[in-house]
Amino acid sequence: MDGVGDILITASFWAAALRIATPLILGVLGELICERAGVLNLGIEGIFTAGAMTGWMAVYLGADLWTGVAVAALTGAAFGLIHATLTVPMAMSQHVSGIGVTLLATSLSYFTYRMVLPDVTSPPRIEPFQPVDLPVLSDLPFLGPALFQQTPLTYLALALVGITAYVLYRTPLGLAVRATGENPAAVEAQGLSVIAIRMGAVMVGSAMMAIGGAFLTMSAFNAFFFEMVNGRGWICIALVVFASWRPGKALLGALLFGLFDAFQVRLQQAVGAVVPYQIFLMLPYILSIIALIVMARRASYPKALMVPYRKGER
């Protein structure tokens, strides 16, 4: 077991855990914003895929990397607008609409890829974001290579945790969003538009989800291929519950899953000769389910989550 213990004290393990957690951080923040406003967004899996494809495609066709990120964000916001229109003013089922958005976004992404690149047999490559060394911090023993030699999108994800927490808990806008998810009638009584707040929250949250997808093709990898999202959107939905709808805990949950996943890869290399590899693939999900069960018992969900609201109704 010495090899197992050695895994935990290597800087590369912690660096990998943070990389794996980055798209989850962005996705769980996006879902958290949607749900704080009272809207469950099950379109996250498809929005991840659409963000991954459109961001990568924009760069492949000649745009710079940050333009690709902007394209991904706009794509996510567009799918968020579809979901918000169906579920907020039209008060349709959030479950059905979300699943529909996932199917639409995923299928449209694959269709667009095949239309633009009909004869491609292997995914074309782009030049992705490169790790950025932060002055002084990158030179710290252990912590430098573990935490401060990441790509710009990882730093963006970490910054968005702080920004989201500040906006939700320190600004009138954040108070309005949280109140809309708890008591929309009270928000309307203050002269604010519940519909506008919910739709705006869903669009902003969906844009964050799409940036999480763009991380996969423009930072973690350098190409787009089918099924690359691999259920990360569904994991983010579970992590929102784990986090009790709080950005700080959302970061913790994403990092825990990243640690579990990075650990199983290295554990498989260390003892994989005597244990079926499927056990290692299950490990991060099993550990996440256990953590979710422990935390969910104390979770306090937004009271108006998934509850349609029509102006004037009480």
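Begin with the cysteines of this predicted model, and note that a search of the whole structure finds zero disulfides. Select Cys-34 and Cys-236 together, and show their sulfur atoms. The closest cysteine sulfur to that of Cys-34 belongs to Cys-236, and because the two are 11 Å apart they are too far from each other for a bond. Starting from the other end gives the matching result, since for the sulfur of Cys-236 the closest cysteine sulfur is the one in Cys-34, at 11 Å. If you switch on a surface, Cys-34 counts as buried, with 0% relative accessibility, and Cys-236 is likewise buried, its relative accessible area being 0%.

Next, turn to the nonpolar interior. The largest nonpolar core has 76 residues, and those with the most contacts inside it are Leu-24, Ile-25, Trp-56, Tyr-113, Met-218 and Phe-224. Colour helix α10 as well, for this helix gives the most to the core, with 14 residues. A second, separate core of seven residues can be picked out by selecting some of its members, including Phe-13, Ala-16, Ala-262 and Phe-263. Which residues does Ile-25 touch, once those up to four places away in sequence are not counted? Select Ile-25 and look around its atoms, where you will find Ala-157, Leu-158, Val-161, Leu-251 and Ala-254.

From the packed residues, move to the open spaces. Rolling a probe the size of a water molecule over the atoms shows where empty space is left. The largest pocket holds about 570 Å³ of space, and its lining is made up of 26 residues, of which Ile-20, Leu-216, Phe-221, Arg-232 and Asp-261 lie nearest the centre of the pocket. To see which parts of the fold surround the pocket, colour α2 (11–36), β2 (149–150), α10 (194–220), α11 (232–242), α12 (247–271) and α13 (277–296), the elements that give two or more residues to its lining. Helix α2 supplies the largest share of that lining, with five residues. If you then colour the lining by class, you will find 17 nonpolar, six polar and three charged residues.

The second largest pocket, with about 230 Å³ of space, is the next stop. Select Ile-33, Ile-163, Thr-164, Val-167, Leu-168, Leu-173, Val-177, Ile-197, Gly-200, Ala-201, Val-204 and Met-208, the residues that line this second pocket. Three helices, α7 (152–170), α8 (172–182) and α10, each supply at least two residues of the lining, and the largest share, five residues, comes from α10. By class, the lining of the second largest pocket has 10 nonpolar and two polar residues, with no charged ones.

Now centre the view on Pro-247, which lies in helix α12. Is this residue buried or exposed? Pro-247 is buried, with a relative accessible area of 2%. Leaving aside neighbours within four places in sequence, the residues in contact with Pro-247 are Leu-29, Leu-32, Val-161, Thr-164, Ala-165, Leu-168 and Tyr-169. Among these contacts, Thr-164 and Leu-168 also appear in the lining of the second largest pocket, and Val-161 is also touched by Ile-25. For a sense of scale, draw a line from the C-alpha of Pro-247 to the C-alpha of Arg-310, two residues that are 63 residues apart in sequence and 29 Å apart in space.

Finish with two residues that have positive phi values. Ser-244 is placed in the loop between α11 and α12, and its phi is near 55°, a positive value in a residue other than glycine. Ser-244 is buried, with a relative accessible area of 10%, and, apart from neighbours within four places in sequence, Ser-244 is in contact with Arg-36, Lys-249 and Ala-299. Then follow the chain to Met-306, which lies in the segment after α13 and has a positive phi of about 70° although it is not a glycine. With a relative accessible area of 37%, Met-306 is partly exposed, whereas Ser-244 is buried.

Note on methods:
Residues are numbered from 1 along each chain as its sequence is written. This is a predicted model: local features need pLDDT of at least 70, side-chain atom pairs count only at pLDDT 80 or more; totals for chains, interfaces and linings use all residues. Side-chain values use heavy atoms; hydrogens and water are left out. On a 1 Å grid over the protein atoms alone, a cavity is a set of points where a 1.4 Å probe fits but cannot get out, and a pocket is an open set with protein on both sides within 12 Å along at least five of seven lines; lining residues have an atom within 4 Å of a point. Grid points are joined across faces, edges and corners, and a volume is the space filled by probe spheres set on the points. Helices (H or I, at least four residues) and strands (E, at least two) are DSSP runs, numbered from the N terminus. Ala, Val, Leu, Ile, Met, Phe, Trp, Tyr, Cys and Pro count as nonpolar, Asp, Glu, Lys and Arg as charged, and the others, Gly among them, as polar. Buried means under 20% relative accessible area, exposed over 50%, partly exposed in between (1.4 Å probe, protein chains only). Contact means heavy atoms within 4.5 Å. A nonpolar core is a set of buried Ala, Val, Leu, Ile, Met, Phe, Trp, Tyr and Cys residues joined through side-chain atoms within 4.5 Å. A disulfide is a pair of cysteine sulfur atoms within 2.5 Å.
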